[in-house]
Number of protein chains: 2
Amino acid sequence: MKTEAVHYEGGLVNHYFDANIAFINELHDAQKIVILTDETVFSLHASSFQLFPVIKINGTEANKTQQTVDIIINELLNLNVDKSWMLVAVGGGVITDMGGYVASIFKRGIKLGLVPTTILGMTDAAIGGKNGVNVGQYKNMVGTTYRPQYILFDYNFLQTLPKAEWVNGFAEIIKHACIKDLEMFNTLSKNNIYYYINNINAIANLIEQNVQIKTSVVVNDEFENGERLLLNFGHTFGHAIENLYHLPHGSAISIGMMIACKISEEINGFYSSQKEQVAQLLTQYHLPIKISFDKKAVFDLLVKDKKRSGNYINFVLLNAIGNAAIQKISFEQLADLNEQIL
Amino acid sequence: MKTEAVHYEGGLVNHYFDANIAFINELHDAQKIVILTDETVFSLHASSFQLFPVIKINGTEANKTQQTVDIIINELLNLNVDKSWMLVAVGGGVITDMGGYVASIFKRGIKLGLVPTTILGMTDAAIGGKNGVNVGQYKNMVGTTYRPQYILFDYNFLQTLPKAEWVNGFAEIIKHACIKDLEMFNTLSKNNIYYYINNINAIANLIEQNVQIKTSVVVNDEFENGERLLLNFGHTFGHAIENLYHLPHGSAISIGMMIACKISEEINGFYSSQKEQVAQLLTQYHLPIKISFDKKAVFDLLVKDKKRSGNYINFVLLNAIGNAAIQKISFEQLADLNEQIL
Ligand SMILES: NC(=O)c1ccc[n+]([C@@H]2O[C@H](COP(=O)([O-])OP(=O)(O)OC[C@H]3O[C@@H](n4cnc5c(N)ncnc54)[C@H](O)[C@@H]3O)[C@@H](O)[C@H]2O)c1
Ligand SMILES: NC(=O)c1ccc[n+]([C@@H]2O[C@H](COP(=O)([O-])OP(=O)(O)OC[C@H]3O[C@@H](n4cnc5c(N)ncnc54)[C@H](O)[C@@H]3O)[C@@H](O)[C@H]2O)c1
Ligand SMILES: [Zn+2]
Ligand SMILES: [Zn+2]
């Protein structure tokens, strides 16, 4: 037997902060741009969509499926789109996830630009190259990791974003603060949700900081040190509660973060006073910190969780605010914690 | 506006030449390997498939579709396959293309191993990371570029390969010789198809050489110099003829290579004597060099060809045997050539 190893290349992603969507014109041959967006974003920002062909879909989570992908692919075929074209996905995470997926598989990959229009999209979903669609009840079961050419941040879109979606996005921002950035945590503590809704410079700044955090976590994790797992802070219990009680994602992970704080306090020496600070901050941003839940049902879901490996779960705990670590927790211990402290 | 560029990493692919399929056991946690193969390969080599769960599909070109992908995904879900698993695709290009595609999209990418079992698979389809499925009449309209962990070459599989598939594979080998390797061309000229069918050392050697050629073309092209286009030698007319007359791929591109040789002679100073050498070599490997075809129908298909850009086609011509170059040919000139010399 004879072996050899062949090295393949990586690539670059450009971030354009504080830009206007009109700038996409400069970023690719304007004759070869097609936009994917959802009906809501399209109707609220119709004037931004006049220059290019637009594929509009009903961008709900329930529609984030292979069936919708097939529809988009047919529209691309009708438009005679080829590999020299760029698909620009303009919308929330549902749209950037589906746009990223379609761009990655159509003719083995056409060019991709992302213009996230929600707080969650700008600080989380659009960053890191992951995309996906749901298969039956399984979320994001199919997808790829595919680099966009660019992510463009146009804060004008936020003017039409419903408050509930601001709250949703702030759950991830607070997550970033908890796991990586004490200073940002303190800044957030001094302000509140309305401050950011009404202050474009402040939100612009905050979004940039969060992009840096998520980007550096993702890029570091390419060396497979598991950094990316930190982004699951609050998501283990959060996903289980989200699935059982159909809460908004932000609300569920807010509750999940509080559970992770309690477990951190119990087994990791995380200060009770810091746990209270996290609770206070979540409340300031209109996120729930507690829900009564069926402990057995939640535990059963956890055991099925995809982050399971063997008889334990990789759980993200806080050492202190701004400082997180992965800890393996056995199902046995988790059952005890679930029984006694939650 | 503020911009930044983020660099992402590339990766490695291992080639195991002259290996036994049993070795896949050593290349990944044996509890987390699942095999994808087709019914023909499975029944001819049943003893090679005893250690792992096997997903068997009807691996014909007509079945290379999203529907078959859905079936495979359901089987992976039933087997509780997660990202720590490896899918090993064992078969011809249909199987390695579909296996590569599924591995790239299932849970955003599980690990992939390729064990090509045809000459075309070993020298062409398994190399370079491209995969795909057909959409309606469009071939490989959807797919990704996804690196396997390894490509393992087990020449034992070739013992059951029908002669027609040997011939098919030699079309691509001769293509490689024409565009890149005069010495290999001369070696091939000294031998014939039966020599390789009956001489495992000779075919092993030849496959290795061809893997090196395709690999280096693909890796070079990551710098986007268009090297990879050279692999289309014979494929422009070849694909059109294949689609119209439903010839085997190897036969169609053999005819396509002869047409490309004639055009090279006409407009590129390629020697007529070398054109005759190519014709002679193709014949030695039981490939057709001529077919009467409907010139207008073929030309209409060419105009729709995906390698079209603007009003010309990027055509691969020979300067000499072993030395190819891309030349833009306008549709006008092509229509003339089609009329006058073909
Ligand atoms: N790929 C990743 O790494 C990643 C990370 C986190 C989340 N996600 C995915 O992101 C999705 C959630 O994203 P989301 O929270 O942005 O939800 P979303 O895409 O469903 O958008 C929420 C709602 O806001 C509307 N909307 C979007 N932009 C608007 C604007 N500017 N003005 C008014 N309305 C607007 C949408 O029409 C939608 O009704 C989920 O599918 C999740 O799986 C992906
Ligand atoms: N991804 C790429 O870069 C790339 C390049 C070239 C071709 N392809 C794709 O490859 C496919 C063609 O591949 P192919 O020529 O290997 O055809 P194939 O996969 O259809 O296999 C040909 C036949 O041989 C049988 N077979 C395979 N291995 C055998 C063995 N060892 N013994 C007996 N029978 C065996 C198969 O069952 C099938 O009937 C096409 O779909 C084409 O699009 C892909
Ligand atoms: Zn989240
Ligand atoms: Zn070919």
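Q: Which protein residues coordinate the zinc ion (ligand 3)?
A: In this predicted model, the zinc ion (ligand 3) has its protein donors at 2.0 to 2.1 Å. Along the chain these donors follow the spacing E-x62-H-x13-H. The glutamate donates through OE and the two histidines through NE2, and the residues are E172(A), H235(A) and H249(A).

Q: How many residues apart in sequence are the parts of chain A that E172(A) and H249(A) tie together?
A: E172(A) is buried, and H249(A) is buried as well. E172(A) belongs to helix 6 (residues 163-180) of chain A, while H249(A) belongs to helix 11 (residues 249-268) of chain A, so the pair links parts whose separation in sequence is 77 residues.

Q: Which residues of chain B are the protein donors of the zinc ion (ligand 4)?
A: The donor residues of this ion are spaced E-x62-H-x13-H in sequence, and they lie 2.0 to 2.1 Å from the metal. Here too the glutamate offers an OE atom and each histidine its NE2 atom, the donors being E172(B), H235(B) and H249(B).

Q: Is E172(B) buried or exposed?
A: E172(B) sits in helix 5 (residues 163-180) of chain B and H249(B) in helix 10 (residues 249-268) of chain B, so this pair ties together parts that are 77 residues apart in sequence. Burial requires under 20% relative accessible area. With a relative accessible area of 0%, E172(B) is therefore buried.

Q: What share of the accessible area of ligand 1 does the protein bury?
A: Of the 25 residues around ligand 1, those that come nearest are D38(A), E61(A), T117(A), T118(A) and T160(A). A polar side-chain atom of D38(A) lies 2.6 Å from an oxygen atom of this ligand, and a side-chain N or O atom of N140(A) lies 3.4 Å from an oxygen atom of ligand 1. Taken alone, ligand 1 exposes 870 Å², and the share of this that the protein buries is 85%.

Q: Which elements of chain A each supply at least two residues of the shell around ligand 1?
A: A backbone N or O atom of A125(A) lies 3.3 Å from a nitrogen atom of ligand 1. The elements that each give at least two residues to the shell are helix 2 (39-44), helix 4 (93-105), helix 5 (119-125), strand 8 (138-142) and helix 6 of chain A.

Q: Which residue has a side-chain N or O atom 2.8 Å from a nitrogen atom of ligand 2?
A: The residues that come nearest among the 25 around ligand 2 are D38(B), E61(B), T117(B), T118(B) and T160(B). An N or O atom in the side chain of E61(B) is 2.7 Å from an oxygen atom of this ligand, whereas a polar backbone atom of G93(B) is 2.8 Å from an oxygen atom of ligand 2. The nitrogen atom of ligand 2 in question is paired with the side chain of D97(B).

Q: Which residue of chain B does N131(A) touch?
A: N131(A) lies in the loop between helix 5 and strand 7 (133-135) of chain A, and its relative accessible area of 2% means that it is buried. A polar atom of its side chain lies 2.7 Å from the backbone nitrogen of T144(A). Not counting residues up to four places away in sequence, the contacts of N131(A) include D97(A), Y101(A) and Y146(A) and, from chain B, R108(B).

Q: Is N80(A) buried or exposed?
A: N80(A) is found in the loop between helix 3 and strand 5 (86-91) of chain A, and it has a positive phi of about 60° although it is not a glycine. A residue counts as exposed over 50% relative accessible area. At 61% relative accessibility, N80(A) is therefore exposed.

Q: How many residues does the largest nonpolar core have?
A: The residues with the most contacts inside this core are F170(A), L188(A), L334(A), F170(B), L188(B) and L334(B). Not counting residues up to four places away in sequence, L334(B) touches F237(B), I263(B), F299(B), L302(B), I313(B), F315(B) and I329(B). A second, separate core of 17 residues includes I21(B), I24(B), I35(B) and V88(B), whereas the number of residues in the largest nonpolar core is 194.

How values were computed
Residues are numbered from 1 along each chain as its sequence is written. Chains are lettered from A and ligands numbered from 1 in the order in which they are written. This is a predicted model: local features need pLDDT of at least 70, side-chain atom pairs count only at pLDDT 80 or more; totals for chains, interfaces and linings use all residues. Side-chain values use heavy atoms; hydrogens and water are left out. A nonpolar core is a set of buried Ala, Val, Leu, Ile, Met, Phe, Trp, Tyr and Cys residues joined through side-chain atoms within 4.5 Å. Buried means under 20% relative accessible area, exposed over 50%, partly exposed in between (1.4 Å probe, protein chains only). Contact means heavy atoms within 4.5 Å. Donors are N, O and S atoms within 2.8 Å of the metal (3.2 Å for Na, K and Ca); water is not among the atoms, so sites may look incomplete. Helices (H or I, at least four residues) and strands (E, at least two) are DSSP runs, numbered from the N terminus. A residue is near a molecule or strand if one of its heavy atoms lies within 4 Å of it. A polar contact is a pair of N or O atoms within 3.5 Å; within protein, one must be able to donate a hydrogen and the other to accept it, and residues adjacent in sequence count only if both atoms are side-chain atoms. Accessible areas come from the Shrake-Rupley method with a 1.4 Å probe; for residues, only the protein chains shown count as cover.
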